[in-house]
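User: Hi! I'm new to reading protein models and would love some company. Can we look at this one together?
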Amino acid sequence: MKTAVSVPDELFRQAEAAARRLRVSRSQLYATAISEFLDRQQSDTITDRLNQVYSRRPAKVDPALNRAQFRSLDKDSW
């Protein structure tokens, strides 16, 4: 789909330079940038929701599982 957007002159120049350096079209550069931005927004939303769920109650690890995890660690000195 074709669309027209306005961007500041300096941002346009930087995008042009990046497209040349990456050897991609301007359209591909903008599509990639928008896609990555939207993925990050969705990821942030999911993280925020998970944080809300898990912040309601403190996390507790089963004591037996906790001991087993510690025993499985190497005895290296730090």
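User: Which residues in H1 meet which residues in H2?
Analyst: Happy to help! On the H1 side they are Phe 12, Ala 15, Glu 16, Ala 18, Ala 19 and Leu 22, and they meet Arg 26, Leu 29 and Tyr 30 in H2. Keep in mind that this is a predicted model.
User: How many of those contact residues are nonpolar, polar or charged?
Analyst: The contact of H1 with H2 has seven nonpolar residues, two charged ones and no polar ones.
User: How do people usually describe two packed helices?
Analyst: They give the angle between the two axes, along with the distance between those axes.
User: OK, so what are the angle and the distance for H1 and H2?
Analyst: The axes of H1, which covers residues 9–22, and H2 come within 9 Å and cross at roughly 105°. That angle falls between 65 and 115 degrees, so H1 counts as roughly perpendicular to H2.
User: Zooming out, how many helices and strands does the chain have?
Analyst: There are three helices and zero strands. Reading from the N terminus, the order of elements is α-α-α.
User: Is the chain compact or spread out?
Analyst: Its radius of gyration is 23 Å, well over the 12 Å that the globule rule gives for 78 residues, so the chain is more spread out than a compact globule. Along its principal axes, the C-alpha trace spans about 60 × 35 × 25 Å.
User: And what share of the residues is buried?
Analyst: Buried residues make up 6% of the 78 in the chain. As for surface, the chain exposes about 7,900 Å², with carbon and sulfur atoms supplying 54% of that.
User: Let's switch to the loops. What is notable about phi of Arg 23?
Analyst: Phi of Arg 23 is near 60°, which is a positive value in a residue other than glycine. You'll find Arg 23 in the loop between H1 and H2.
User: Why does Arg 23 count as exposed?
Analyst: Because its relative accessible area is 78%, and exposed means over 50%.
User: What about the next loop, where is Arg 56?
Analyst: Arg 56 sits in the loop between H2 (26–54) and H3 (63–72). Arg 56 is exposed, with a relative accessible area of 64%. Its C-alpha atom is 43 Å from that of Ala 15, and the two residues are 41 apart along the chain.
User: Is Val 61 buried, exposed or partly exposed?
Analyst: Val 61 is partly exposed, because its relative accessible area of 49% lies between the 20% and 50% cut-offs. Val 61 also belongs to the loop between H2 and H3.
User: Which residues does Val 61 touch?
Analyst: Leaving out residues up to four places away in sequence, Val 61 touches Asn 66 and Gln 69.
User: Last one: where is Lys 75?
Analyst: Lys 75 is in the segment after H3. Lys 75 counts as exposed because its relative accessibility is 72%. The C-alpha atoms of Lys 75 and Ser 25 are separated by 54 Å, with their positions 50 residues apart along the chain.

Notes: Residues are numbered from 1 along each chain as its sequence is written. This is a predicted model: local features need pLDDT of at least 70, side-chain atom pairs count only at pLDDT 80 or more; totals for chains, interfaces and linings use all residues. Side-chain values use heavy atoms; hydrogens and water are left out. Helices (H or I, at least four residues) and strands (E, at least two) are DSSP runs, numbered from the N terminus. Buried means under 20% relative accessible area, exposed over 50%, partly exposed in between (1.4 Å probe, protein chains only). Axes are lines fitted to C-alpha atoms, for helices over the stretch in contact, and angles run from 0 to 180 degrees between N-to-C directions. Angles under 35 degrees count as roughly parallel, over 145 as roughly antiparallel, 65 to 115 as roughly perpendicular and the rest as oblique. Contact means heavy atoms within 4.5 Å. Ala, Val, Leu, Ile, Met, Phe, Trp, Tyr, Cys and Pro count as nonpolar, Asp, Glu, Lys and Arg as charged, and the others, Gly among them, as polar. The radius of gyration is taken over C-alpha atoms; the globule rule is 2.2 Å times the number of residues to the power 0.38. Accessible areas come from the Shrake-Rupley method with a 1.4 Å probe; for residues, only the protein chains shown count as cover.
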